[in-house]
Amino acid sequence: MTQFAYLFERFPSFGQTFCYREVAELAQQGVRPPIFAIRKRTDEPLQDWDEHIVQRVHYLPEEKELLDDIRRASKKGKLTGEVIAALDEWGRRPDFLRLHQAVYVGLRLQEMGIDHVHAHFAGMAARTAFWIQRFVRISFSFTAHANDIFAPRNFEIGLDKLVDASRLIVTETDYAEKFLRERFPERAERIHRIYNGLDLSRFRRADFSSGPPLIIAIGRLIAKKGFADLIHACGLLLGRGKLFRCEIIGEGPLEEELREQIAQLALQGCVEMPGAKPQHEIRDHLAGAGVFVLPSVIDPDGGMDNLPTVIMEAMATGLPVISTTIGGIPEMVIQNETGILVPPGDIGALADAIEKMIVDLSFAQRLGENGYQRACELFSIERNVRTLLTLLDAGRNE
């Protein structure tokens, strides 16, 4: 089996539970690769992370200590002339730290006998892995997610160079796989879809007993999640005389704006924003709900959801899902079978879908049960991690 290491921008991270679950499942399967993280977690809600996993993370030093480490390595003759020339030529240009971080990690991977590094997101970690390959001839792969491929930032080592240089590109949905294969047809054989996964046994099933019905939404409070549309839809439902409660769980830059919107629509009595919650509390909130809603939209910069983990979590709980026809969401939510899909930004259609779910309990329960079965078929973390290991090993001799 390929001896590989992980490289993350941050790990573990509240907003990237799919990364943590992947690493945790690998440990369950007896595979414990070294973990490097470029940045430390800051100001994140407390989570129930396994300390055995957290203690395995090697956090890279900050800039001054990093540069000092590279200088010492150079004086000891550990850097080739090619590496020294590249560092000197790049100088202090944007993203210069990625080169130094690549040297730092690459030297340690060599000492460990590691021959491959896998990054998550086509961003900072993947760009560092690009330079690791260039400097110490350790191959790399990465898992691409959403904005990193649909609305990538402009760096000299961009998505095109990452795809060209990587041994393997994993992405989360058929939609994203098709998007990447059409954009990079000469590398299509390297691009593979693996759904994120869950440990389904950790989710308690919803019993639909809450009264009035509880609408739940979870995610970062950012534009692409469409929570402003959900609040407007709640205003329409209240105007129709419907009884309900709505919880929007999460934190983010739009929190104050969304709270003001709730106040302007006089929804304080039925719409709550309790903030971010640890995973075990999120599971409890899901189990107490009657419908899950994520009204995703495309944000002004082109960013959009691909395979929102929270939809998987709702399906694992047996909740019906209301969402939009964005990215890979239709691969999860099957119209009128596991949920209802509405056009992004269509507040009237969103309100109608929610009303149908909270009025017709048997319909909601049937869709929730179908969603649970679909989650079992598609989102088993054990099966999906085994697929990743197979792909990492298969590419070793290419």
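Reader: What makes Y59 the bridge partner of A37 in strand 3, and how do you know that strand 2 and strand 3 pair?

Author: Happy to start there, with the reminder that this is a predicted model. A37 has Y59 as its bridge partner in strand 3. Strand 2, residues 35–39, and strand 3 are joined in the parallel sense over three bridges. Pairing requires at least two bridges found by DSSP, so these strands qualify.

Reader: Which sheet do they belong to, and why is strand 3 called an edge strand?

Author: They sit in an open sheet of seven strands, ordered 3-2-1-4-5-6-7, with parallel pairing. Strand 3 (57–59) and strand 7 (191–193) are its edge strands, as each pairs on one side only. From one strand to the next, the twist averages 25°.

Reader: How do you know that helix 1 packs on the sheet?

Author: By its contacts. Helix 1 (residues 17–28) touches strand 1 (4–10), strand 2 and strand 4 (116–120). Touching here means heavy atoms within 4.5 Å. The direction of helix 1 makes about 155° with that of strand 1.

Reader: What about strand 8 and strand 11: how many bridges join them?

Author: Two bridges join strand 8 (residues 214–218) to strand 11 (residues 291–294), and the strands run parallel. The cut-off is at least two, so this counts as a pair. As for partners, I215 is matched with V291 in strand 11.

Reader: Where do these strands lie in their sheet?

Author: Look for the open sheet of six strands with the order 10-9-8-11-12-13, again with parallel pairing. Strand 10 (271–275) and strand 13 (339–342) are the edges, each pairing on one side only. Neighbouring strands of this sheet are turned by 20° against each other on average, direction ignored.

Reader: Which helices lie across strand 8 and strand 11?

Author: Helix 12 (residues 279–287) lies across strand 8, strand 9 (245–249) and strand 11, at about 150° to strand 8. Helix 13 (residues 309–317) lies across strand 8, strand 11 and strand 12 (321–324), at about 170° to strand 11.

Reader: Stepping back, why is the protein called as compact as a globular protein of its length?

Author: The protein has 17 helices and 13 strands. Its radius of gyration is 22 Å, and the globule rule gives 21 Å for 398 residues; the values are close, so the protein is as compact as a globular protein of that length.

Reader: And what share of the residues counts as buried?

Author: Of the 398 residues, 58% do; the cut-off for buried is under 20% relative accessible area.

Technical notes: Residues are numbered from 1 along each chain as its sequence is written. This is a predicted model: local features need pLDDT of at least 70, side-chain atom pairs count only at pLDDT 80 or more; totals for chains, interfaces and linings use all residues. Side-chain values use heavy atoms; hydrogens and water are left out. Helices (H or I, at least four residues) and strands (E, at least two) are DSSP runs, numbered from the N terminus. Axes are lines fitted to C-alpha atoms, for helices over the stretch in contact, and angles run from 0 to 180 degrees between N-to-C directions. The radius of gyration is taken over C-alpha atoms; the globule rule is 2.2 Å times the number of residues to the power 0.38. Buried means under 20% relative accessible area, exposed over 50%, partly exposed in between (1.4 Å probe, protein chains only).
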